Amino acid sequence: MEKLNAFVEKLPDILKPWGEEMLLRYVDFQGRTDRKTFWVVILTNFVLSCILGVLSVIPFIGVIFSIVSWLYSLAVLVPGIAIWIRRLNDIGKSWPFIFLGFIPCVGGIILIVFACMDSAA
């Protein structure tokens, strides 16, 4: 854990929220995550996934990046669920609300609206 803390401290300021939320609090389902930190982490994951996706179509070495992309997606699965649950906790909703995402079309929209809400008092 000490090495992980040192790694997160060395990250650029823009990536520190991602490091703190995805690496240090990866199985914390009880805490809270504020709106700004949540969206920084989501945007960082999106950008990293897009970069890996673009690199995976390069001939010959694309297979390696495809594997790395798959492993990255697998690695951020549990921390991604954890940050969504912490964000729901922050707005005063309980963790079962995450299952709204399984409702076709409207479930994801509802979760995005929840993620955009201010923190509960």
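Is Phe 38 buried or exposed in this structure? Let me begin there, because Phe 38 is buried, with a relative accessible area of 0%, and I should say at once that what we have on the screen is a predicted model, so that every value I mention is computed from it.

On confidence, the chain has a mean pLDDT of 89, and 99% of its residues reach 70 or more. If we go through the elements of the chain, helix H1, residues 2-10, has the lowest mean pLDDT, at 80, while H6 has the highest, at 94.

Now to the rings, of which the structure holds five aromatic pairs. In one of them, Phe 38 and Trp 39 meet edge-to-face, with 5.1 Å from centre to centre and 80° between the planes. Phe 38, as I said, is buried, whereas Trp 39 counts as partly exposed because its relative accessible area is 30%, which lies above the 20% limit for buried and below the 50% limit for exposed. These two residues also belong to a cluster, in which ring pairs link Phe 38, Trp 39 and Trp 84.

A further pair is the one between Phe 97 and Phe 114, again edge-to-face, with the centres 5.8 Å apart and 75° between the planes. This pair links distant parts of the chain, since Phe 97 sits in the loop between helix H5 (77-90) and helix H6 (106-116), and Phe 114 sits in helix H6, 17 residues apart. Phe 97 is partly exposed, with a relative accessible area of 31%, while Phe 114 is buried, with a value of 14%. If you look at the face of Phe 97, you will find Lys 93 lying over it, at 5.5 Å from the ring centre.

Staying with helix H6 for a moment, Ile 110 is also placed there, and at 31% relative accessibility Ile 110 counts as partly exposed. The C-alpha atoms of Ile 110 and Gly 80 are separated by 17 Å, and these two residues are 30 places apart along the chain.

Let me finish with a residue elsewhere, and ask which residues Asn 45 touches, not counting those up to four places away in sequence. Asn 45 is found in helix H3, residues 35-55, and is buried, with a relative accessible area of 12%. With those sequence neighbours left out, Asn 45 touches Trp 18, Met 22, Tyr 72 and Val 76, and you can look for each of these contacts in the structure above.

Technical notes. Residues numbered from 1 in each chain as written. Predicted model: local features only at pLDDT ≥ 70, side-chain atom pairs only at ≥ 80, totals over all residues. Heavy atoms only, no water. Phe/Tyr/Trp six-rings, centres within 6.5 Å; stacked < 30°, edge-to-face > 60°. Buried < 20%, exposed > 50% of the residue type's maximum accessible area, 1.4 Å probe, protein only. Helix = DSSP H or I, 4+ residues; strand = E, 2+ residues; numbered from the N terminus. Lys NZ or Arg CZ within 6 Å of the ring centre and 35° of its normal. pLDDT = per-residue confidence, 0-100. Contact = heavy atoms within 4.5 Å.
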